[in-house]
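Reader: Hey, could you walk me through one part of this structure up close? I'd love to hear about the salt bridges and the residues that make them.

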Amino acid sequence: MFLNRHGDGGGPGAGAGAAAAEQADDVVRWAVFCCVLVPVVLLVYGTSLGGAAGTALGLVSVTAACRVLLRRSERAMRSEGVRGRRRDPDRP
């Protein structure tokens, strides 16, 4: 089980959706950090300002798209938890 920010597993009511949401938040935070760090490193190593800005813009657009997909996945997991699992047609 994954630990949340408070150091516990989220209690007995925490399901896979809560753990996935925590992980998604962490991934987005690291991606935003990289969106800032990579252009700075490029500038330090002599890349043009335009090149670093273009890289930053590309990283931001990819990060935003990934964030949208992660949130959509979280909503799907939550709605699946509310509806319950689908029955396997092969099981009696």
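Author: Let's start with a term: a residue is called buried under 20% relative accessible area, exposed over 50%, and partly exposed in between. Keep in mind that this is a predicted model. Asp 26 has a relative accessibility of 35%, so it counts as partly exposed. Its salt-bridge partner is Arg 29, with N and O 2.8 Å apart. Arg 29 is partly exposed too, because its relative accessibility is 44%. These two sit 3 residues apart in helix α1, which means about one helical turn separates Arg 29 from Asp 26.

Why can such pairs form at all? Side chains of opposite charge can pair when their charged atoms come close.

The count for this model is 3 salt bridges. Another one joins Asp 25 to Arg 71, at 2.9 Å from N to O. That pair ties together distant parts of the chain: Asp 25 belongs to helix α1 and Arg 71 to helix α2 (residues 49–83), with their positions 46 residues apart.

Arg 71 also makes a salt bridge with Glu 74, and there the closest N and O atoms are 2.9 Å apart. Glu 74 and Arg 71 are 3 residues apart in helix α2, so they are about one helical turn from each other. Glu 74 is buried, because its relative accessible area is just 9%. Put the shared partners together, and Asp 25, Arg 71 and Glu 74 become one network of salt bridges.

Conventions:
Residues numbered from 1 in each chain as written. Predicted model: local features only at pLDDT ≥ 70, side-chain atom pairs only at ≥ 80, totals over all residues. Heavy atoms only, no water. Salt bridge = Lys/Arg side-chain N within 4 Å of Asp/Glu carboxyl O. Helix = DSSP H or I, 4+ residues; strand = E, 2+ residues; numbered from the N terminus. Buried < 20%, exposed > 50% of the residue type's maximum accessible area, 1.4 Å probe, protein only.
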